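Reader: Could you take me on a close look at the inside of this protein, where side chains pack together and charged groups meet? I'd enjoy one connected story.

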Amino acid sequence: MFEGKNISIFIQDRCMIKNLNFTLNKGDKLAIIGEEGNGKSTLLMALLGICPYAKMTGTIQTKGNRIGYLKQTIEEEILEKTGYEYVFEDDFYRGNAFYKKMDLLKFKEDRLTEKIKNLSGGEKVKIRLLKLLLEENDLLFLDEPTNDLDIETLEWLETFIQNTNIPILYVSHDETLLSRTANKILHLEQRKKKTESHYTLLKIDYDTYVNQRQRALEKQTQVAKFEKREFQKKQEKLNQVMQKVEYQQNTISRKDPHGARLLKKKMHALKSQEKKLENFDGTKVPDEEEGISFAFETVEIPKNKKILDLKIPELKAQDNVLATNIELEVFGNVHLCIIGPNGIGKTTLMKEIRETLKERKDLHVGYMPQNYEDLFNEEEPVLHFLVPSSIKEDLTKARAYLGNMKFTRDEMNGKIKDLSNGSKAKLILTKFVLERCDVLLLDEPTRNVSPLSNPVIRQALKEFNGTILSISHDRKYIDEVIDCLYLLTEEGLVKKNIVKN
């Protein structure tokens with residue numbers, strides 16, 4: 001139904017993807033994975049012919065199929081396509097078919113009269129998902145479809161992808177979604193310090209791919225190390241014998257020409273062996289894209305220290321009351337997460353928590369907002385964001401941490417606006433470490449980080465011995481990092497039991 005032949009994609013002089021060949025047939029769920037900045041979203045846009053910053057070569061055959069596309073930046077997409085300020089201004093969203101689908105994703109009718117910019121991130125995703133369902137598309141291209149969705153909608157989306165026969169090409173950082181839906185994997189890599197593009201394409205499920213890849217890498221590494229040890233042993237033994245023969249040649253008497261000829265013949269044979277060893281081309285250590293390395297430094301915060309004592313009679317966004325009677329008391333070392341349906345006010349609540357804590361002199365509070373623009377000046381240099389003072393020792397330390405996060409030299413020396421969303425998330429996490437934050441306020445901390453880096457981030461947060469107050473719909477994050485879970489409802493916060501998988 002969709003075929004790409006010899007697809008190569010370039011951003012300026014950098015080759016992001018080289019000679020990619022793939023097909024999408026009925027029932028295919030092809031997941032694109034890879035580290036941040038490796039060209040996943042670029043590939044989707046380039047295939048659709050809507051990527052102004054990249055050049056694509058190769059051929060595409062769509063056979064006249066209608067392609068539905070879910071953009072990563074939802075509000076921007078809705079406004080671009082409709083030009084409307086309110087959802088209900090678009091006749092499409094006022095049609096009977098749309099209303100029939102609204103209950104499917106638990107979208108409240110009164111939210112249609114709200115300005116698009118005032119909708120929650122999850123509500124914006126739901127609007128576009130609903131529209132895609134009604135457009136009768138033959139193929140779907142989805143760029144981070146799980147971003148900001150509540151857990152109930154995530155589970156609906158998984159079921160939809162599993163059961164539909166419509167071919168789907170999608171980018172996702174949600175490992176649970178990948179595990180439950182993908183039946184083909186396209187892994188994009190940038191090796192040798194992001195100078196060499198490489199891809200792996202297999203008809204295989206995500207968990208099997210990750211496990212097989214890890215086992216293959218470990219096996220190849222073991223074989224390469226064993227062969228290297230054996231080579232070194234042979235080389236040492238040969239050197240010893242050659243030194244012995246050379247000594248004998250230097251000391252043999254001129255009265256023994258026969259012995260000299262034998263030693264010369266033996267040395268010739270040894271040099272032949274040496275040449276063979278020099279030409280030995282054994283198994284190489286796997287050439288793969290290096291993963292990130294990240295950990296928090298130890299911070300001190302007593303378990304009985306009161307971090308937060310919050311009481312909010314009415315949680316409001318603009319003039320809308322989202323929830324009432326919110327009470328939350330938090331002590332040191334707790335890893336807390338707030339869940340709830342889209343539009344209930346989780347991000348609004350996190351902003352209230354930040355306002356409450358930001359003047360505390362006894363805490364070092366780090367904040368990761370849902371929209372990074374709330375925190376960044378996009379024109380600010382990356383290193384200046386981390387180290388405003390420009391002290392040499394601090395800059396050296398910052399560069400080392402960014403190197404562990406696999407930032408290139410150009411990314412370190414560039415501006416924040418040129419980073420991918422995943423790299424921006426890693427930049428914020430790096431700042432937390434450098435500032436030795438002991439309280440972290442995290443609004444969807446893992447949503448933009450690749451599924452290959454996310455396990456490292458989750459492990460670091462799990463081992464963080466400060467306090468975490470977070471919002472997340474990432475089920476692996478909740479399972480591995482969180483020890484205190486709350487559900488935000490219209491009547492307030494309800495503590496939930498955590499069932500570990």
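Author: Happy to! A nonpolar core here is a set of buried Ala, Val, Leu, Ile, Met, Phe, Trp, Tyr and Cys residues joined through side-chain atoms within 4.5 Å; buried means under 20% relative accessible area, exposed over 50%, and partly exposed in between (1.4 Å probe, protein chains only). This is a predicted model, where local features need pLDDT of at least 70 and side-chain atom pairs count only at pLDDT 80 or more, while totals for chains, interfaces and linings use all residues. Residues are numbered from 1 along each chain as its sequence is written, and side-chain values use heavy atoms, with hydrogens and water left out.

Let's start with the largest nonpolar core, which has 42 residues. Phe296, Leu427, Phe432, Leu440, Leu461 and Tyr477 are the members that touch the most others. At least two residues each come from strands S12 (335-339) and S14 (439-443), and from helices H11 (382-386), H12 (392-404), H14 (421-434), H15 (454-463) and H16 (475-481). Helix H14 gives the most, with six residues. (Helices, H or I with at least four residues, and strands, E with at least two, are DSSP runs numbered from the N terminus.)

Which residues surround Tyr477? Leaving aside residues up to four places away in sequence, Tyr477 touches Cys337, Leu442, Pro445, Thr446, Arg458, Leu461, Ile468, Ser470, Ser472 and Ile482, where contact means heavy atoms within 4.5 Å. There is also a second, separate core of 27 residues, and Leu310, Leu357, Val439 and Ile471 are among them.

Now for the charged groups. The structure holds 25 salt bridges, each a side-chain nitrogen of Lys or Arg within 4 Å of a carboxyl oxygen of Asp or Glu. One of them joins Lys426 and Glu36, with the closest N and O atoms 2.5 Å apart. Lys426 sits in helix H14, while Glu36 is in the loop between strand S3 (29-34) and helix H1 (40-48), so this pair links distant parts of the chain, 390 residues apart. Both partners are worth a look for their surroundings: Lys426 has 3% relative accessibility and counts as buried, and Glu36 is buried at 4%.

Another salt bridge brings Glu158 and Arg180 together, the closest N and O atoms being 3.0 Å apart. Glu158 lies in helix H5 (residues 151-163) and Arg180 in helix H6 (residues 175-181), so the pair ties together parts that are 22 residues apart in sequence. Glu158 is buried at 3% relative accessibility, whereas Arg180 is partly exposed at 45%.

Glu158 also meets Arg475 in a salt bridge, 2.6 Å from N to O. Here the link is between helix H5 and helix H16, so parts 317 residues apart in sequence are tied together. Arg475 is buried, with a relative accessible area of 13%. Add Asp174, and you have a network of salt bridges linking Glu158, Asp174, Arg180 and Arg475.

To put the two themes side by side: helix H16 supplies at least two residues to the largest core, and Arg475 of helix H16 bridges to Glu158 in helix H5. Likewise, helix H14 gives the most to that core, and Lys426 of helix H14 pairs with Glu36.
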